[in-house]
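Grab a pencil and have a go at these exercises on a protein model. Try each task on your own before you read the solution.

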Amino acid sequence: MKVVIRNSALEASVWAAHYIAAKINEKAAKTSEPFVIGLCTGSTPIETYAELAKLVKAGKVSFKNVISFNMDEYVGLPESHPESYHSFMHKYLFDNIDEPKENIHILNGNAKDLDAECAAYEQAIKAAGGFDLFLGGIGEDGHIAFNEPYSSLNSRTRVVDLTTDTRIVNSRFFGGDMNKVPSQALSVGVATVTDAKEVILLVMGPKKARALKDCVEGPCSHKCTASALQLHENAWIACDEAAVGELMVNTYRYFKDLY
């Protein structure tokens with residue numbers, strides 16, 4: 001695991017965007033095969049997506065040969081709802097880059113057979129060749145995607161029940177009313193994420209400090225599903241100074257010196 005610490009959330013977000021763009025360009029220079037990327041939602045990746053859009057506009061990277069899969073979607077929320085992850089992704093990324101519509105994959109939380117939808121999603125990822133890179137975030141309790149604490153570290157895309165804590169945190173997007181937040185979601189599993197050749201986890205702000213500590217310094221445990229990245233051979237964490245407040249001083253110094 002490699003931890004990149006920047007002074008601000010914006011600087012960490014920009015670092016992640018340029019790293020992703022470099023990886024897309026690197027593969028494009030070697031092969032005509034598409035670059036397959038996993039994408040996340042929430043407030044954390046917004047600045048990374050904004051920087052990627054700037055890079056596309058400037059001609060420094062193209063998503064024309066990129067295939068994307070989003071990590072999750074609420075169950076029962078219309079795709080047109082402003083807080084659906086379909087709406088989020090189009091607003092903050094897809095409408096601002098050149099990725100072909102047919103290359104965009106987002107779970108259908110309104111599918112008649114949710115289990116079949118999840119199984120088909122895993123198959124689509126496999127058919128695309130697997131993830132070159134997965135961009136994720138982390139919850140305040142250490143969850144990655146909607147893999148709540150005590151989810152199996154071998155889990156795959158499935159229907160998940162959202163904890164009260166997660167619904168309370170996400171209620172800020174629903175006018176502060178937790179009851180408006182769906183109680184279920186479709187989510188890629190922990191193993192779906194860790195199967196990627198590379199993973200970048202965005203961790204910003206003091207509210208994520210405990211989760212970052214558990215992810216980096218704690219045991220690899222299903223209590224903190226993001227800690228599964230400890231076993232990944234090429235995992236990055238991009239964070240700001242505010243998120244590292246719980247790390248041991250020597251841990252902080254080690255990563256600050258290297259990256």
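What follows is a set of five exercises on this predicted model, each with a worked solution.

**Exercise 1. The whole chain**

Task: Work out how many helices and strands the protein chain has, and how its radius of gyration fits the globule rule.

Solution:
- Start with the secondary structure: the chain holds eight helices and 10 strands.
- Next, take the radius of gyration, which is 17 Å. The globule rule gives 18 Å for 259 residues, and the two values are close, so the chain is as compact as a globular protein of that length.
- For the outline, the C-alpha trace spans about 50 × 45 × 35 Å along its principal axes.
- Now look at cover: 53% of the 259 residues count as buried.
- Finally, check the outside: the chain exposes about 11600 Å², and carbon and sulfur atoms supply 51% of that.

**Exercise 2. Into the core**

Task: Find out which residues have the most contacts inside the largest nonpolar core, and which helix gives the most to it.

Solution:
- The largest nonpolar core has 83 residues.
- Those with the most contacts inside this core are Tyr-49, Ile-200, Leu-201, Leu-212, Ile-237 and Cys-239.
- Helix α1, residues 9-30, gives the most, with eight residues.
- Let's zoom in on one of them: Cys-239 sits in strand β10, residues 235-240.
- Is Cys-239 buried or exposed? Its relative accessible area is 0%, and buried means under 20%, so Cys-239 is buried.
- Leave out residues up to four places away in sequence, and Cys-239 still touches several others, among them Val-3, Ile-5, Ala-12, Met-204 and Leu-212.

**Exercise 3. A covered helix**

Task: Decide how many of the eight residues of helix α7 are buried, and what these buried residues pack against.

Solution:
- Helix α7 covers residues 209-216, and six of its eight residues are buried, so call this helix mostly covered.
- Go through them by name: Ala-209, Ala-211, Leu-212, Lys-213, Cys-215 and Val-216.
- Then ask who the neighbours are. The buried residues of α7 pack against strands β1 (2-6), β9 (198-203) and β10, and also against helix α8.
- Leu-212 links this to the last exercise: Cys-239 touches Leu-212.

**Exercise 4. A patch on the surface**

Task: Name the residues that make a nonpolar surface patch of about 300 Å², and say how exposed Tyr-254 is.

Solution:
- The patch is made by Tyr-254, Leu-258 and Tyr-259.
- Place one of them: Tyr-254 lies in helix α8, residues 249-258.
- Tyr-254 has 48% relative accessibility. Exposed needs over 50% and buried needs under 20%, so Tyr-254 counts as partly exposed.

**Exercise 5. Two positive phi angles**

Task: Compare Ala-145 and Tyr-150: where are they, and is each one buried or exposed?

Solution:
- Begin with the backbone. Ala-145 has a positive phi of about 55 degrees, although this residue is not a glycine.
- Tyr-150 also has a positive phi, near 80 degrees, and is likewise a residue other than glycine.
- Now for the place: Ala-145 is in the loop between β6 (133-137) and β7 (158-161), and Tyr-150 is in the loop between β6 and β7 too.
- Last, the cover. Ala-145 counts as buried at 8% relative accessibility, whereas Tyr-150 is exposed, with a relative accessible area of 53%.

Conventions. Residues are numbered from 1 along each chain as its sequence is written. This is a predicted model: local features need pLDDT of at least 70, side-chain atom pairs count only at pLDDT 80 or more; totals for chains, interfaces and linings use all residues. Side-chain values use heavy atoms; hydrogens and water are left out. A nonpolar core is a set of buried Ala, Val, Leu, Ile, Met, Phe, Trp, Tyr and Cys residues joined through side-chain atoms within 4.5 Å. Buried means under 20% relative accessible area, exposed over 50%, partly exposed in between (1.4 Å probe, protein chains only). Helices (H or I, at least four residues) and strands (E, at least two) are DSSP runs, numbered from the N terminus. Contact means heavy atoms within 4.5 Å. Patches are made of residues with over 30% relative accessible area and no salt bridge: like charges are joined within 9 Å, nonpolar side chains (Val, Leu, Ile, Met, Phe, Trp, Tyr) within 5 Å. Accessible areas come from the Shrake-Rupley method with a 1.4 Å probe; for residues, only the protein chains shown count as cover. A salt bridge is a side-chain nitrogen of Lys or Arg within 4 Å of a carboxyl oxygen of Asp or Glu. The radius of gyration is taken over C-alpha atoms; the globule rule is 2.2 Å times the number of residues to the power 0.38.
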